[in-house]
Every structure is written in C-alpha cells, then in structure tokens.
Amino acid sequence: MDMQTSFLDRLFDSGLLIETGVDGLYGRSGQFEDVIAAFERLIDRFGGADGAEAIRFPPGMNRAFFEKSGYMKSFPQLAGTVHSFCGSELDHMSLLKCMEIGDDSWAKGQEATDIVLTPAACYPLYPTVAKRGPLPAGGVLYDLQSYCFRHEPSKDPARQQLFRMREYVCMGTQENVTDFRQSWMDRGVQLMAEVELPVEIDVANDPFFGRAGKMLANNQRDQNLKFELLIPITSTANPTACMSFNYHQDAFGTKWGLELEDGSVAHTACVGFGLERIALALFHHHGLDVALWPAKVRKALWG
Ligand code: 5GP
Ligand code: ZN
C-alpha cells in the first residue's frame with residue numbers, strides 16, 4: 001500500500017476524516033475542525049493587525065463572473081458547474097425512468113444554473129471590489145475564506161475536491177502588492193515554525209491545461225509569479241503545497257477594471273492557506289492524537 005492510501009486509511013480509522021464513497025470528498029470530525037479553527041486563530045495573530053476587510057462568500061460564485069475570469073481557458077479540467085433540472089413534467093418522467101434503470105444519462109438533461117463552484121477563494125472578490133470604484137491610496141487588503149472545488153479525484157488525502165482556502169488579497173501599486181507577498185512569505189515560515197512543521201519555499205506554477213498551458217506555466221515560473229510553501233505529508237520526495245503566494249501583476253486589474261486613484265491599473269497579489277492540507281500536515285508530523293502533540297505546538301494553537 002502506498003503512503004497516500006495508508007495515511008487516508010488511518011485518517012478514516014481514527015474518524016478524523018469520514019468516507020463518502022467519492023475520492024477527495026470527505027466529512028471532517030469535530031477534532032479535525034477544531035485544529036482548523038485553532039490554526040485560523042494563529043493566522044489571525046499574524047495578520048490581524050493589518051486591518052484587512054473580512055468577507056465570506058459562499059462556495060458558489062456568479063457564473064457570469066466565472067466566465068469573464070477566463071478560468072475555463074486555463075483550467076477547464078478542474079472546474080465544477082452547478083446544473084439543475086429545468087424541464088417539464090414529461091422530462092421529469094423520463095428522468096425518473098433513466099434513474100430507475102441506473103442509466104447515467106439522466107444527468108445530461110440538467111441545465112447550467114447561474115452558479116459555478118468557487119475554484120479559489122479570491123475569484124468572487126475582484127468583480128466585487130471593481131464595483132466599489134477606484135482604490136484608496138496605499139491599496140486595499142481583504143481577508144477571505146471559502147470552500148473551493150477542483151475536479152481532481154485522488155486517494156491522496158492532501159488532494160481533495162472540496163477544501164477550504166483562507167486567503168489574504170492585496171490590491172494597489174506594484175510595490176504595495178509585492179511587499180505584501182514578501183511579508184507573507186516570511187510570516188508563513190514563522191507561522192509554521194510555531195507549530196513545528198518543516199517547510200521549504202519554492203517557485204511554482206499552476207496546472208494550466210493543454211499544450212498552450214505549458215507556455216503559461218513556464219512564463220509563470222520564469223517570472224517568479226507563484227511561490228509555494230511546501231510541507232511533506234504523504235511523500236518526502238514531493239512535499240505538498242500548503243500555502244501559495246501569487247503575484248498577478250496587472251492581469252486581474254486590467255480584466256476587472258481595478259483602478260488606483262490616479263487612474264492607473266491596480267496590481268494584485270493573493271496569499272492562500274490550504275486549511276485541510278495544513279491540518280493533515282499537523283496530524284502527519286505530530287500524530288493523530290492531538291493530546292500527544294508537543295507542548296509548544298499545543299500552546300501555539302490553543303494557548
Ligand atoms: P492554488 O490556488 O495556489 O492552487 O491553491 C491555494 C492553496 O490551496 C494551495 O497552496 C493548497 O494549500 C490548497 N489546495 C490546492 N489544491 C488543493 C487540493 O486539491 N486539496 C486541498 N486540500 N488543498 C488544496
Ligand atoms: Zn487567490
């Protein structure tokens with residue numbers, strides 16, 4: 001049995017994760033949630049004094065904004081759309097007939113609704129902020145958290161289809177947002193040291209789709225637009241990205257019409273924490289019983 005499957009089985013056996021029959025879709029126990037809540041309080045201790053505006057969007061976003069974001073150009077393989085039955089009584093009867101005989105084609109008649117599952121916590125934010133008008137001098141800072149969906153079923157417990165991302169997003173001048181990103185790279189390392197997790201930071205790229213995507217990925221790497229904080233969870237050779245630090249240059253500013261007071265296009269950056277991955281890293285390194293975690297780690301999380 002490989003390390004991914006055996007860690008997943010141990011998580012199921014301990015009740016920390018609860019099987020649903022779908023790879024990458026799990027229930028979480030109260031204990032698992034308590035670790036995430038405690039870790040989020042630790043994040044607040046590091047970022048709280050920055051005065052970010054907190055916003056919580058639901059895990060679905062406006063399909064029109066999703067279409068405009070260009071997500072389907074870059075990551076069609078990961079997207080999840082919400083479809084519903086919109087037919088007549090006759091359609092309903094044939095749907096039930098299909099289901100009765102176990103014919104999967106019942107789902108083909110479902111129609112796209114106005115809602116798409118959120119692919120990253122910051123996606124609903126840009127159009128929201130654009131509507132507010134020009135950004136104040138010094139830029140703006142937001143604190144987000146959302147369940148996100150990515151269609152990548154896997155036996156690796158660190159690759160889930162529905163998981164939470166906590167994000168800070170900064171919009172302003174190039175200097176504002178690159179300073180913001182650098183400060184969170186430093187804080188990320190300090191934060192993980194408080195909970196005694198081994199980390200490395202490396203340049204990264206997103207999994208852009210297809211042959212054209214290779215060029216986008218190379219460009220992202222060459223320009224150092226994405227860094228990740230990696231922690232070994234189910235493999236020491238391939239540690240898992242538990243935080244990411246993304247500089248979008250003026251790409252989102254241009255797309256969404258985000259302007260500074262002087263009329264120039266805003267730059268943006270976001271820093272994401274993969275909350276389930278961080279909880280899993282803690283369980284992997286310190287054991288499945290939180291009562292036995294090192295005193296320093298327990299103190300950092302629960303005071
Ligand atoms: P990114 O937008 O950089 O791909 O993702 C931001 C963060 O979300 C990642 O650094 C990671 O911690 C978390 N994340 C990304 N994909 C997954 C996934 O498949 N499962 C889980 N649990 N977390 C993920
Ligand atoms: Zn983001």
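Biologist: What makes you say β11 is mostly covered?

Modeller: Eight of the eight residues of β11 are buried. Buried means a relative accessible area under 20%, so every residue counted there falls below that cut-off. Bear in mind that this is a predicted model.

Biologist: Which strands does β11 pair with, and how do you know that they are partners?

Modeller: On one hand there is β10 (residues 226–231), joined to β11 by six bridges in the antiparallel sense. On the other there is β12, also antiparallel to β11, with five bridges. Two strands count as paired from at least two bridges, so six and five both pass that test. If you want to find the register in the viewer, L229 has M243 of β11 as its bridge partner, and N246 stands opposite C270 in β12.

Biologist: C270 turns up again at the zinc ion. What makes C270 a donor to ligand 2?

Modeller: Distance. The zinc ion is coordinated by the SG atom of C122, an OE atom of E167 and the SG atom of C270, at 2.2 to 2.4 Å. The cut-off for a donor N, O or S atom here is within 2.8 Å of the metal, so these atoms qualify. Water is not among the atoms, so a site may look incomplete.

Biologist: How are those zinc donors spaced in sequence, and what makes E167 and C270 distant parts of the chain?

Modeller: The spacing reads C-x44-E-x102-C. E167 belongs to strand β8 (residues 162–172) and C270 to strand β12 (residues 267–274), with their positions 103 residues apart in the numbering, that is, 103 residues apart. Both E167 and C270 are buried.

Biologist: Staying on β12, why is H267 called buried?

Modeller: H267 has a relative accessible area of 16%. The limit is under 20%, so H267 is classed as buried. H267 lies in β12, and its side chain makes a polar contact with the side chain of Y247 at 2.6 Å. The cut-off for such a contact is within 3.5 Å, so 2.6 Å passes.

Biologist: Now ligand 1. Which residues come nearest, and what makes K226 and E152 polar neighbours of the ligand?

Modeller: There are 15 residues around ligand 1, and R150, Q160, K226, A241 and S244 come nearest. An oxygen atom of the ligand is 2.6 Å from a side-chain N or O atom of K226. For the side chain of E152 the corresponding distance is 3.5 Å. A241 takes part through its backbone, with an N or O atom 3.0 Å from a ligand oxygen. Ligand 1 taken alone exposes 500 Å², and the protein buries 92% of that.

Biologist: Which elements build the shell around ligand 1?

Modeller: β8, β11 (240–247) and α10 (275–286) each give two or more residues. The largest share, four residues, comes from β11.

Biologist: Why is β7 described as largely enclosed?

Modeller: Nine of the ten residues of β7 are buried, so the strand is largely enclosed by the rest of the structure. Q145, which sits in β7 (residues 140–149), shows how the label works: its relative accessible area is 16%, under the 20% limit, so Q145 is buried. The side chain of Q145 makes a polar contact with the side chain of E40 at 2.9 Å.

Biologist: What are the strand partners of β7, parallel or antiparallel?

Modeller: β3 (residues 53–55) runs parallel to β7 over three bridges, with I55 matched to L144. β8 is antiparallel to β7 over ten bridges, and there Y142 has V169 as its bridge partner.

Biologist: One more: what makes β4 and β5 edge strands?

Modeller: Three strands form an open, antiparallel sheet in the order β4-β6-β5. β4 (60–62) and β5 (81–84) each pair on one side only, which makes them the edges. The twist averages 50° from one strand to the next. Three bridges join β4 to β6 (residues 111–117), and two bridges would already be enough to call them paired. N62 stands opposite I115 of β6.

How values were computed. Residues numbered from 1 in each chain as written. Chains lettered and ligands numbered in written order. Predicted model: local features only at pLDDT ≥ 70, side-chain atom pairs only at ≥ 80, totals over all residues. Heavy atoms only, no water. Axes fitted to C-alpha atoms, helices over the stretch in contact; angles between N-to-C directions. Donors = N, O, S within 2.8 Å, 3.2 Å for Na, K, Ca; no water. Buried < 20%, exposed > 50% of the residue type's maximum accessible area, 1.4 Å probe, protein only. Near = heavy atom within 4 Å. Polar contact = N/O pair within 3.5 Å; in protein donor to acceptor, adjacent residues only side chain to side chain. Areas by Shrake-Rupley, 256 points an atom, 1.4 Å probe, with all protein chains shown as cover.
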